[in-house]
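User: Hey, could you walk me through a protein model I was handed? I'm new to this, so plain answers please.

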Amino acid sequence: MPNPNESPAVQSMRKEQAEQRKQARKGELDKAIEDTFPASDPVSATHTSIPAGRSDVEAAERVNREPDPTALDQEDTLVDQALRSTGHTVDREELRALQKEAGRIAESASQLASGTARLAKAEARSFVQDIEDRIRRQPLTAAAIVAGIAFVFGATR
């Protein structure tokens, strides 16, 4: 219950401070939920009505007959042929290890990009929230800035 001896301005300030504390707690909850994002999403099973695979039967059979140039178990892959032409021999285990390492590097790059995107989103939200807070604290200044921008924009048209 507000104190009757306090001015309306003080009562309004206390009310606004309570709202800001409430918003800060809500922001912390939102951040905590976002931090658990991968684990908190339910599994979603999707089915497409678009057929997968080839619709051209002859092309599909031709692809099935041709050897896969990316297969490691093939005797003469394109990599083997290229290395043999330079006089080098191919070690299958080393090739598999390099392939696994390339996969790990690609996954690390993907995770880094994902983390960078999440960080950018969080920074953007923080920036917007900071601007909103400044507008709430100084609404007349914000209105004057908007009016100035509108005037300049209108004058240049």
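User: Let's jump right in. Which residue forms a salt bridge with Asp-133?
Analyst: That's Arg-136, and the closest N and O atoms of the pair are 3.7 Å apart. Keep in mind that this is a predicted model, so read the distance as something computed from the prediction.

User: Where do Asp-133 and Arg-136 lie?
Analyst: Both are in helix α5, three residues apart, and that is about one turn of the helix.

User: Are those two buried or exposed?
Analyst: Asp-133 is partly exposed at 30% relative accessibility. Arg-136 counts as exposed, because its value of 54% is over the 50% cut-off.

User: How many salt bridges turn up in the whole structure?
Analyst: The search finds four. One of them joins Arg-104 and Glu-101, whose side chains meet at 2.6 Å, N to O.

User: How far apart are Arg-104 and Glu-101 along the helix?
Analyst: Three residues, or about one turn, and both lie in helix α5. Arg-104 is partly exposed with a relative accessible area of 49%, and Glu-101 is partly exposed too, at 36%.

User: Which residue does Arg-96 pair up with?
Analyst: Arg-96 forms a salt bridge with Glu-93, and their closest N and O atoms are 3.7 Å apart. They're three residues apart in helix α5, which runs over residues 92-137, so about one helical turn separates them.

User: And how open are they, buried or exposed?
Analyst: Arg-96 is partly exposed at 27% relative accessibility. Glu-93 is exposed, with a relative accessible area of 55%.

User: OK, let me zoom out. How many helices and strands are there?
Analyst: Six helices and zero strands. Reading from the N terminus, the elements go α-α-α-α-α-α.

User: How much of the protein counts as buried?
Analyst: Just 4% of its 157 residues. The accessible surface comes to about 14200 Å², and 59% of that belongs to carbon and sulfur atoms.

User: Surface stuff next. Which residues form the nonpolar patch?
Analyst: Phe-127, Val-128, Ile-131 and Ile-135 do, with about 360 Å² of accessible area together. Ile-131 is found in helix α5.

User: Why can Ile-131 be part of a surface patch?
Analyst: A patch residue of this kind needs over 30% relative accessible area. Ile-131 is partly exposed at 35%, so it clears that cut-off.

User: What about charge? Which residues gather in a positive patch?
Analyst: Those are Arg-21, Lys-22, Arg-25 and Lys-26, sitting together on the surface. Lys-26 has its place in helix α1, which covers residues 8-35.

User: Last topic: trust. What is the mean pLDDT of the protein?
Analyst: It's 77, and 68% of the residues reach 70 or more.

User: Where is confidence lowest, and where is it highest?
Analyst: It is lowest in helix α2, residues 37-40, with a mean of 58. The highest is in helix α6, residues 139-156, at 93.

User: Great. Can you give me a quick recap to jot down?
Analyst: Sure. The predicted model has six helices and zero strands, and 4% of its residues count as buried. There are four salt bridges, including Asp-133 with Arg-136, Arg-104 with Glu-101 and Arg-96 with Glu-93. On the surface you'll find a positive patch that includes Lys-26 and a nonpolar patch that includes Ile-131.

How values were computed
Residues numbered from 1 in each chain as written. Predicted model: local features only at pLDDT ≥ 70, side-chain atom pairs only at ≥ 80, totals over all residues. Heavy atoms only, no water. Helix = DSSP H or I, 4+ residues; strand = E, 2+ residues; numbered from the N terminus. Buried < 20%, exposed > 50% of the residue type's maximum accessible area, 1.4 Å probe, protein only. Areas by Shrake-Rupley, 256 points an atom, 1.4 Å probe, with all protein chains shown as cover. Patch = residues over 30% accessible without salt bridge, like charges linked within 9 Å, V, L, I, M, F, W, Y side chains within 5 Å. Lys, Arg positive; Asp, Glu negative; His and termini not counted. Charge placed at Lys NZ, Arg CZ, Asp CG, Glu CD. pLDDT = per-residue confidence, 0-100.
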